[in-house]
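Colleague: Please take a close look at a single part of the structure shown below, and explain in one connected account how its surroundings are arranged. Kindly give each term its cut-offs, as the account is meant for a first-year student.

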Amino acid sequence: MITCHFVRKDGLFLGFTCKGHADFSEYGSDIVCAAVSALTLSTVNSLESIGKVVPQVESAADDGGYLKVRLPDSNTLSKKQLDVCQILMQHLYLGLVSISEEYQAYISVLD
């Protein structure tokens, strides 16, 4: 199972961690894993290219199944950067919740 945990403080997203494997299907055709990977990686890329922020990112290079992302301290961001970061994180959260509603046995979203 994939577990995605969101970190928030005072209503603001600070980051997220996703770990585990969905095991919905065999490697290479697991649609749950593919969906989670696409959402999380596109969020990281969008934070950098749209938000102009560099999040702290840790991943398991060996076998995947682990991604930890932390946003820069909100005091170091402009209002626009903060707004973009929060919109992108909310988008990720809602996308993962939608997947978890359809595939409850394979992904859990916590906050």
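Modeller: A residue is called buried under 20% relative accessible area, exposed over 50% and partly exposed in between, with a 1.4 Å probe and protein chains only. By this rule Lys52 is exposed, with a relative accessible area of 60%. The model is predicted: local features need pLDDT of at least 70 and side-chain atom pairs count only at pLDDT 80 or more, while totals for chains, interfaces and linings use all residues. Residues are numbered from 1 along each chain as its sequence is written, and side-chain values use heavy atoms, with hydrogens and water left out.

The part chosen is the nonpolar core, a set of buried Ala, Val, Leu, Ile, Met, Phe, Trp, Tyr and Cys residues joined through side-chain atoms within 4.5 Å. The largest one has 28 residues, and those with the most contacts inside it are Cys4, Phe6, Phe16, Leu96, Ile107 and Val109. Two or more residues come from each of strand E1 (2–9), strand E2 (12–19), helix H1 (31–49), strand E4 (66–70), helix H2 (79–102) and strand E5 (107–110). Such helices (H or I, at least four residues) and strands (E, at least two) are DSSP runs, numbered from the N terminus. H2 gives the largest share, nine residues. In soluble globular proteins, nonpolar side chains tend to be buried together.

The strands belong to an open sheet of five, in the order E3-E4-E2-E1-E5, with mixed pairing; two strands pair if DSSP finds at least two bridges between them. E3 (56–59) and E5 stand at the edges with a single partner strand each, so one side of each has no neighbour in the sheet. E1 and E5 run parallel and are joined by four bridges; in E5, Val109 is the bridge partner of Cys4. Across E1, E2 and E5 lies H2, at about 40 degrees to E2. Such angles run from 0 to 180 degrees between N-to-C directions, with axes fitted to C-alpha atoms, for helices over the stretch in contact.

Ile107 shows how the core is connected: leaving aside residues up to four places away in sequence, Ile107 touches Met1, Ile2, Cys4, Val32, Val36, Leu96, Ile99 and Ser100. Contact here means heavy atoms within 4.5 Å.

Phe6, another core residue, leads to the aromatic rings. Rings of Phe, Tyr and Trp (its six-membered ring) pair if their centres lie within 6.5 Å; planes under 30 degrees apart count as stacked, over 60 as edge-to-face and the rest as tilted. The structure holds six such pairs. The ring centres of Phe6 and Phe16 are 5.8 Å apart and the planes stand at 35 degrees, so this pair is tilted. Because Phe6 lies in E1 and Phe16 in E2, the pair ties together parts ten residues apart in sequence. Phe6 is buried at 2% relative accessible area, and Phe16 is buried at 0%. With Tyr93, Phe6 forms an edge-to-face pair, since the ring centres are 5.2 Å apart and the planes at 85 degrees. This pair links Phe6 in E1 with Tyr93 in H2, 87 residues apart. Ring pairs join Phe6, Phe13, Phe16 and Tyr93 into a cluster.
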